[in-house]
Amino acid sequence: MIAMRKILGLCLLVPAFSLHAADLDTVEQRALPCLPCHGKEGRAGPDGYYPRIAGKPAKYLLNQLVNFRDGRRYFPMMNYLAERQPDAYLAELAEYFSSQQLPYDSVSSEGVPEATLARGKVLAKDGDKSTDLPACSACHGDNLLGALPAVPGLLGVSRSYLDAQLAAWRTGLRHAKAPDCMATIAKKLTPADIEAVTGWLATQAVPEGAGPQKSVPSPQPVECGSIS
Amino acid sequence: MKLRITLWVVLLCLVAAGALLFWPRDHEAGTAPASASTAQSNPMSRGRALVTLGNCEGCHTARGGPPFAGGRSIATGFGTFFSPNITQYGIGSWSAEDFWNALHKGYAPGGKLLYPTFPYTNFTKISRADADAMFAYLKTVPAVPVANREHRLKFPYNQRWLLAVWRGLFFTRGVYEADVQHDAQWNRGAYLVQGVAHCSACHEARNALGAVRSKDNPSGGLVLSWYAPSLSVATEAGVQAWSETDIVQLLRAGVVNGEHQGYTFGPMAEVVFESLQHTDVADLQAIAVYLKSLPPAEARPVASRVGLAPSAIPIIMNTGQQVYKDNCARCHGDNGEAGTHAPALKNSRMVNMNPAIDGIRMVLYGGYAPGTELNPRPFGMPPFYPTLSAEQIASVLTYIRGSWGNASPPILPDDVEAGMTGPLW
């Protein structure tokens, strides 16, 4: 009787194993826990906060995963998912999302005052020489879609996410490897300038097929620990 | 709360004098059952191995902070504890005797009584020679100047002197004594499990005053927002029926898909990652032999659910089935059978366990198994709190716990909401 049950058990188990095991041993399968927040294939989140990770430079994504794992960035869900994972595995996940080339959602600047948009554009493209503030494009690329290997794009992420990141840098909640250039820059920005620059960045359309520059623009206006 | 305070007062009156009179005395240094591993023959490597198996670094390191420099917060029902700095900055002035007093007797230099969040109730089993080896290894950890943080405890637990009473009631010091009924390997396993590995600190129930009291109550422990299942109960984490190979694989890799299936998550994933995967296989085998020999106990009876009409169950099951089809079946299989990439839910111990907090937290927050040397690319469970409501999560858990031969009580949305507190781990 017991032997019969065992055989029956085996018959039930074998098809299940052969059906799933092989074709699910992939990086896509391993990346599934990222999708509830970052959206299908890392495109964008369901509630507009979580940033798009598809197509961002792989080294940037890896730096962030390591920062979350090691406590330089703080977001409990990300700290929890990245902890106890080796660099090589985090790099594999970063490569996967970096290689996703997906169209960006359309955006609208409706509701953002003209003056705010104008000031934001100036800050993003030219900076503010009176306070020694470099333009975003000086590091994040002329098209603001980042620069390889490790500078992220600034378009295609929500305004609330951009606001939160600048605020986190100002208050010391977000860190990058020293010298932490974005901390310096965020502390120079006034609340009105943050509103302007994120208001403009979050409402810029991204042309199809556009991506990060091949290298970081030179010379760099500030020293950065995590630019390459 | 009132009950706890009254308890304290009564205990105070009855026991304070008695505790002082019968203060346990021992000058026994003890002999540790030797490791079968030759790698531990010199004291420094033995000290390092014991410090690793005790996962001292795990509690004594803040996230991203310097190793052993302390500052990690441990949330408990009594308040929040902050682990102290045990680099040479923190304990550089200690002697080997001081270290022994902390491990074996539970007090720091100057007679300062230690809270049992530092598991000296287990460490008292460690032999003097092994304690000295651990101390010698910690001497090599360079000083990192990080100041200790005061614990933030509620009254009356912030009254450190009350620990004298607590100790009188719940702490018996004494090194491990070999059981001649068993062989050297079993004794080595028992010495490690009861002592430096301090498994019971999580895997056994604590009473209202935070003392491990599992003899009257064979149950796992609710700690750090998770339920650490009982190692005695076959339907929880008992491994009496497992092969030694499967047990050792689970402890080293964090995941096993052998004759038995097992996954580690939450605090246990940390123990595997930081500690067990680096432990000598000979010692893990000894641990497996000992764990297999634990006397089996029955799971605690489950209280029936109040507030759920029997007629509601089919409706909840229906909703749950739909949620399962849409969110779970792709990985866990149409009938919870799964494969190597995801645990089977049919006959799963975590799924059927009571309290059900672990299953609830897995659905809420997901998580990866630890990325160990033997399993460096673990699969993970997605968090569902961003996309499913408490009602949906309760119904899918009720469906899973009532399907394919699983026969565990339903989960209510309130249970799911109760699982949303506490730190992720």
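This is a chat about a predicted model with chains A and B.

Student: Before we start, how are residues and chains labelled, and what kind of model is this?
Tutor: Residues count from 1 along each chain as its sequence is written, and chains are lettered from A in the order in which they are written. The model is predicted, and local features need pLDDT of at least 70, side-chain atom pairs count only at pLDDT 80 or more, and totals for chains, interfaces and linings use all residues.

Student: OK, what is chain A built from?
Tutor: Chain A has 11 helices and zero strands. Helices here are DSSP runs of H or I with at least four residues, strands are runs of E with at least two, and both are numbered from the N terminus.

Student: How much of chain A is buried?
Tutor: Buried residues are 39% of its 228 residues. Buried means that 20 or more other C-beta atoms, placed from the backbone, lie within 10 Å of the residue's own.

Student: How many residues does each chain put into the contact?
Tutor: Chain A gives 28 residues and chain B gives 27 residues. Two residues are in contact if their C-beta atoms, placed from the backbone, lie within 7 Å.

Student: Which helix of chain A gives the most there?
Tutor: That's α5(A), with five residues on the side that touches chain B.

Student: And what sort of residues make up that side of chain A?
Tutor: There are 17 nonpolar, five polar and six charged residues. Nonpolar covers Ala, Val, Leu, Ile, Met, Phe, Trp, Tyr, Cys and Pro, charged covers Asp, Glu, Lys and Arg, and the others, Gly among them, count as polar.

Student: Switching to chain B: which residues of α5(B) meet α7(B)?
Tutor: On the α5(B) side they are A96(B), F99(B), W100(B), L103(B) and H104(B). Their partners in α7(B) are R128(B), A131(B), D132(B) and F135(B).

Student: Which residues of α5(B) are buried?
Tutor: F99(B), A102(B), L103(B) and H104(B) are. Those buried residues pack against β3, α6 and α7 of chain B.

Student: What comes right after α5(B)?
Tutor: G106(B) follows, and its phi is positive, near 80 degrees.

Student: Last one: why is α17(B) described as largely enclosed?
Tutor: Because eight of the nine residues of this helix, residues 357–365, are buried, it is largely enclosed by the rest of the structure. Among them are D358(B), I360(B) and Y365(B). Just after α17(B), G366(B) has a positive phi of about 55 degrees.

Note on methods:
Buried ≥ 20, exposed ≤ 12 C-beta atoms within 10 Å, placed from the backbone.
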